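Let's walk through this model together, strand by strand and then residue by residue. Keep the viewer open as you read.

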Amino acid sequence: MKNQLRTIDLRLNQFDPLDRILLFDDFNTGLSGWTELIGNYEHTLDSVLLPYQDHRPPQLSSISMWDTGTVGALNGTYSLKVATRAKKGHQAVNIKRITFRKKCKMRLEAFFTFKPEATKLTLSDQSVRSIGFLFDLQNENERVMPHIRYLNSLEGTLEQKWQYKKQRSPFRSIGTEGKTVSHYHLSPEGWEDIPGGKQKLCYNEIATKHNWHYLRLDFDLDQMKYYELQCNEKIMNLSDIGLMRIPAMPNLWNMLNLVFFTEADEDRRVFFYLDSVLLTCEE
Amino acid sequence: MGSMRQYYSAVVERNVVFEEIFHSEPYEVGWATELIIFVRSLDGAGDGAVEVEISPDGIRWCKEGTTFELPTATDAVTFGKVSHFGNWVRLSGRTKKKFKALITFSMKE
């Protein structure tokens, strides 16, 4: 079946897909349902929890540089650009929302790169705090939120390691109707190192050179557990890694949300680019 | 991008208080040929105008020439139409009165 998929669409030859495609977005024909994550609100936008108020709209980027012009994507011209404001600690968060029809083993694959805005003629390899992704899933019993990030730099010190998060943030009531709550699951607290998760990625010397990286995560929707994380040639076993687990919520049945995010480590815009995102599952 | 023209709407600023001189975040619009920028007041009356700016690199900015007035009442909307803008656009403005706004970039291939 894998080979059949690769024959149907040659772009899939760059991936190692499972049997059935749940989503395949290469961003050369639009944003394909990717949008900005916003916190819940009631009656007024002022009721959105502060960290959720400004997660920035996704952009279709040609990655065009002041010194050498357009980088383009791994394939074609456009990639999804997740872009922060020029503010230390700011998070840009973009999301695609679908539902699952089978509790299967699923595989996320993507090609990505990240850089700060090329506003300085210096190395700038410590400007991006992190790039990461998460799923927001719910079955009959519980809501489960796998969170993974690559911590590149923290407070100006290179960290270069993969982390996960299982610590929950408290729910807060939103508005006055008693029907809406919100929790800031992307808070800076509670990130833990993935064992053996140190990895030096190719930054490549200056802010205007971009190298694409391969990412893969295997996750079991039936057991609600991680299998493996892969970035380039590094493979990390996640079978003992904990998850953010919450009792099922009233209107999220069969939810399968996928989120990509980035965080700035200085007062400078940082950009997380996705050439393509592929989610497949076992039949 | 195919026979049916692509459309995308980006809320480039939301629930942001503007006063005196301000700039929106830059946005990449290279795939589009038409752009309408809407400014909606969420609270208060602006008093001034905005100018569309374009850029070769998203860092250095020039005036594109399009200007329009700010909304002068809560929930009022004003707009400017732009075409032939290259890859980066932002909005630059000046207001004598503080107001809270939502800025939408409405793009078509």
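Strand β3 (residues 34–43) of chain B runs antiparallel to β7(B), and nine bridges hold the pairing. Strands here are DSSP runs of E at least two residues long, helices are runs of H or I of at least four, and both are numbered from the N terminus. Two strands count as paired if DSSP finds at least two bridges between them. For one rung of this ladder, look at B:R40, which sits opposite B:L102 in β7(B).

Before going further, a word on the ground rules: this is a predicted model, in which local features need pLDDT of at least 70 and side-chain atom pairs count only at pLDDT 80 or more, while totals for chains, interfaces and linings use all residues. Residues are numbered from 1 along each chain as its sequence is written, and chains are lettered from A and ligands numbered from 1 in the order in which they are written.

Back to β7(B), which has other partners too. Strand β1 (residues 7–23) of chain B is joined to β7 (residues 88–108) by 14 bridges, again antiparallel. Within that pairing, B:I21 has B:R94 as its bridge partner. Strand β4 (residues 48–55) of chain B also runs antiparallel to β7(B), with eight bridges, and there B:V50 faces B:G93. Then there's the short strand β2 (residues 27–28) of chain B, joined to β7(B) by two bridges in the antiparallel sense. Here B:Y27 finds its bridge partner in B:V89.

Now step back and look at chain B as a whole. How many helices and strands does chain B have? The count is zero helices and seven strands, so the pattern along the sequence reads β-β-β-β-β-β-β. The radius of gyration of chain B is 14 Å, close to the 13 Å that the globule rule gives for 109 residues, so the chain is as compact as a globular protein of that length. (That radius is taken over C-alpha atoms, and the globule rule is 2.2 Å times the number of residues to the power 0.38.) Along its principal axes, the C-alpha trace of chain B spans about 45 × 30 × 20 Å.

Of the 109 residues of chain B, 35% count as buried. Buried means that 20 or more other C-beta atoms lie within 10 Å of the residue's own, exposed means 12 or fewer, and partly exposed is in between, with C-beta atoms placed from the backbone. Contacts say something about the fold as well: among those in chain B with a separation of 6 or more, 78% are between residues 24 or more positions apart. Two residues are in contact if their C-beta atoms, placed from the backbone, lie within 7 Å.

B:F38 makes a nice close-up, and you'll find it in strand β3 of chain B. B:F38 is partly exposed, because 18 other C-beta atoms lie within 10 Å. Leaving out residues up to four places away in sequence, B:F38 touches B:V77, B:F79, B:T104 and B:S106. The C-alpha atoms of B:F38 and B:G80 are 6.8 Å apart, although 42 residues separate the two along the chain.

What about the partner chain? In all, 18 residues of chain B are in contact with 17 residues of chain A. On the side of chain B that touches chain A, β1 and β2 of chain B each supply at least two residues, and β1(B) gives the most, with six. By class, that side has nine nonpolar, five polar and four charged residues. Ala, Val, Leu, Ile, Met, Phe, Trp, Tyr, Cys and Pro count as nonpolar, Asp, Glu, Lys and Arg as charged, and the others, Gly among them, as polar.

Over in chain A, A:S124 is worth a stop. A:S124 lies in the loop between β8 (105–116) and β9 (128–138) of chain A, and its phi is positive, about 65°, although it is not a glycine. Most residues other than glycine have a negative phi. Is A:S124 buried or exposed? With 21 C-beta neighbours inside 10 Å, A:S124 counts as buried.

Finally, confidence: the mean pLDDT of chain B is 96, and 98% of its residues reach 70 or more. pLDDT is the predictor's confidence in each residue, from 0 to 100. The model scores ipTM 0.96 and pTM 0.96.
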